[in-house]
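Reader: I am new to this structure. Please pick one part of it and look at it closely, then show me what surrounds that part.

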Amino acid sequence: MATRVLQSVGNGLNHARKSVRGNQQVSLTIRSLSASPSKNREDSWFKSLFVRKVDPRKDAHSHLLAKKEEHNLYKIQFHNVKPECLDAYNKLCEKVLPSIHTDPQYTCELVGTWNTWYGEQDQAVHLWRYRGGYPALTDVMNKLKKSQEFSDFRKERSKMLLSRRNQLLLEFSFWNEPVPRDGPNIYELRSYQLRPGTMIEWGNYWARAIELRQENHEAVGGFFSQIGNLYLVHHLWAYKDLQSREETRNAAWKHEGWDEAVYYTVPLIQHMESRIMIPTKASPLK
């Protein structure tokens, strides 16, 4: 009888222990579930400090920012010339480049050609415009391949070069289109490597800022890359001399809104470079 009583008590204790352990597990589960939403909220808030929101867009930035009424494509060339060959290189280009520019069979125009004065030394910069976009570029390239004069020019030019690179560009819709101008002028090519995904933001601020830089007619052209280094912007400016450049740039800060444009666009830039350039004799931009 006593043995049965003890067994009954023991069974009761075991059942009580299992019940307590079960309640503890349920309690832990409930606490875990109740903590999860809070933790998720904290993680979401923490990530929001570092993850930039991207607005969904239904068109490429090239379609949104480029001029639509004219299908112009630009090519910019950077040629690093052997120092002892720069004069000979300029004379060779002065002979051949204008002939391409004026020949009606080539649907391209020489916008400007320069030597870098301050910046990368012994460098030539050429800017071409192709009216008609990529088909015009392809047509010109195919015709030049058949030209013996151009073939001889490339062969002779290759002896003078250390390196060369080029980029294909579109022009911003809100910038001036480059047109021939009288000189003498110096030209500044300011190049901005933007953070990927920021081109629309850049365009929004500069569409307003460029209106503040028209008084002295210094704005020549604004472009962004399509092939070559991507998210690269080029702004081309003209000044009478370096002193005029300094005075014109300082005067921009007197215009309401210029400080805001600078403040909001500087964080978009990864790298920037300035070249001061002198036009060669063959340049339509004097």
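Author: Start with the second largest cavity, which holds about 50 Å³ of space. A cavity is a set of points on a 1 Å grid over the protein atoms alone where a 1.4 Å probe fits but cannot get out, and lining residues have an atom within 4 Å of a point. Its volume is the space filled by probe spheres set on points joined across faces, edges and corners. The model is predicted: local features need pLDDT of at least 70, side-chain atom pairs need 80 or more, and totals for chains, interfaces and linings use all residues. Numbering starts from 1 along each chain, and side-chain values use heavy atoms, without hydrogens or water.

Which residues line the second largest cavity? They are Tyr89, Asn90, Cys93, Glu94, Leu97, Thr113, Trp114, Asn115, Ala124, His126, Thr280 and Ala282. Six are nonpolar, five are polar and one is charged. (Asp, Glu, Lys and Arg count as charged; Ala, Val, Leu, Ile, Met, Phe, Trp, Tyr, Cys and Pro as nonpolar; the others, Gly among them, as polar.)

Helix H3 gives the largest share of this lining, five residues. H3, E2 and E3 each supply at least two. (Helices, H or I, have at least four residues and strands, E, at least two; they are DSSP runs numbered from the N terminus.)

Now follow those elements outward. The loop between E2 (108–118) and E3 (123–131) holds glutamate 120, while arginine 275 lies in strand E8 (269–279). Their side chains meet in a salt bridge, 3.8 Å from N to O. (That takes a side-chain nitrogen of Lys or Arg within 4 Å of a carboxyl oxygen of Asp or Glu.) The pair is 155 residues apart in sequence, so the bridge ties together distant parts of the chain. Arginine 275 is buried, at 2% relative accessible area. Glutamate 120 is partly exposed, at 33%. (Buried means under 20%, exposed over 50%, partly exposed in between, with a 1.4 Å probe and protein chains only.)

The structure holds 11 salt bridges. In another, glutamate 188 meets arginine 190 at 2.9 Å. Both of these residues are buried. Salt bridges with shared partners also join Glu109, Arg129, Arg131 and Glu177 into one network.

H3 and E3 turn up again in the largest pocket. Each supplies at least two residues of its lining, as do E1 (72–81), H4 (134–145), H5 (148–158) and E4 (161–171). A pocket is an open set of points with protein on both sides within 12 Å along at least five of seven lines. This one has a volume of about 370 Å³. Its lining counts 22 residues, with Lys75, Gln77, Met141, Phe150 and Arg154 nearest the centre. H5 gives the most, five residues. The lining divides into 10 nonpolar, six polar and six charged residues.

Where does the other cavity sit? There are two of 30 Å³ or more. The largest has about 60 Å³ of space. Its lining runs from Leu212, Arg213, Gln214, Glu215, Asn216 and Glu218 to Thr248, Ala251, Ala252 and His255. Three of these residues are nonpolar, four are polar and three are charged.

Step back to the chain. It has eight helices and eight strands. Buried residues make up 40% of its 286 residues.
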